[in-house]
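Hi everyone, thanks for coming. Let's take a few minutes to walk through a structure that may be new to you.

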Amino acid sequence: MSEIDERDPSELTDEEWRERLSKEEYRVLRESGTEAKFSGEYVDHHPDDGEYRCRACGTVLFEAETKYESGCGWPAFYAAEEESVTTTVDTSHGMRRTEVRCANCDSHLGHVFDDGPEPTGKRFCINSVAMEYDDE
């Protein structure tokens, strides 16, 4: 995980974020970018246990057991740690989508759609570069 100090992430300046994150991490997490389909390290990653954390601040976002193969080109999860993510309407790129952000550091993670499997019916479509896998 990128080295982040113990300060509240909201206190970090843009310059500090740039120092802590790679250019691609910064582009996705702080500028709401998207990595290319099927290019991320976690697209075909299917562990039985562990968790996926926010690469910017380390907050646990998803349990590995909620990850599934959706075929969308990005890692997909049917449930998030509810207190760890926030959602907002995203109207960029001529579309209306629901953006998913880290509740702790407000980093962009990806989007959530209502076409996922049971038990939630949700498909959290998340950029690999926005996460780090932790096998606990």
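**A sheet and its aromatic neighbours**

Let's begin with one pair of strands: E3 and strand E4, residues 76-77, run antiparallel to each other and are joined over two bridges. One of the contacts to look for is Tyr-68, whose bridge partner in E4 is Ala-76. Please keep in mind that what you see is a predicted model.

Now zoom out a little. That pair belongs to an open sheet of six strands, with antiparallel pairing, and the order reads E3-E4-E8-E7-E6-E5. Which strands stand at the edges? They are E3 (67-68) and E5 (85-90); each has a single partner strand, so one side of each is left without a neighbour in the sheet.

Next, the aromatic rings. Searching the whole structure gives five aromatic pairs. Let me show you the one between Phe-62 and Phe-77: the ring centres are 4.1 Å apart and the planes meet at 15 degrees, which is under the 30 degrees cut-off, so this pair is stacked. Phe-62 sits in strand E2, residues 60-63, while Phe-77 sits in strand E4, so the pair ties together parts that are 15 residues apart in sequence.

Are these two residues buried or exposed? Both Phe-62 and Phe-77 are buried. They also have company: together with Tyr-42, Tyr-52, Phe-124 and Tyr-133, they form one aromatic cluster.

Before I finish, have a look at Trp-17. Arg-30 lies over the face of that ring, 4.3 Å from the ring centre.

Thanks for listening, everyone!

Terms used. Residues are numbered from 1 along each chain as its sequence is written. This is a predicted model: local features need pLDDT of at least 70, side-chain atom pairs count only at pLDDT 80 or more; totals for chains, interfaces and linings use all residues. Side-chain values use heavy atoms; hydrogens and water are left out. Two strands pair if DSSP finds at least two bridges between them. Helices (H or I, at least four residues) and strands (E, at least two) are DSSP runs, numbered from the N terminus. Rings of Phe, Tyr and Trp (its six-membered ring) pair if their centres lie within 6.5 Å; planes under 30 degrees apart count as stacked, over 60 as edge-to-face and the rest as tilted. Buried means under 20% relative accessible area, exposed over 50%, partly exposed in between (1.4 Å probe, protein chains only). A charge sits over a ring if NZ of Lys or CZ of Arg is within 6 Å of the ring centre and within 35 degrees of the ring normal.
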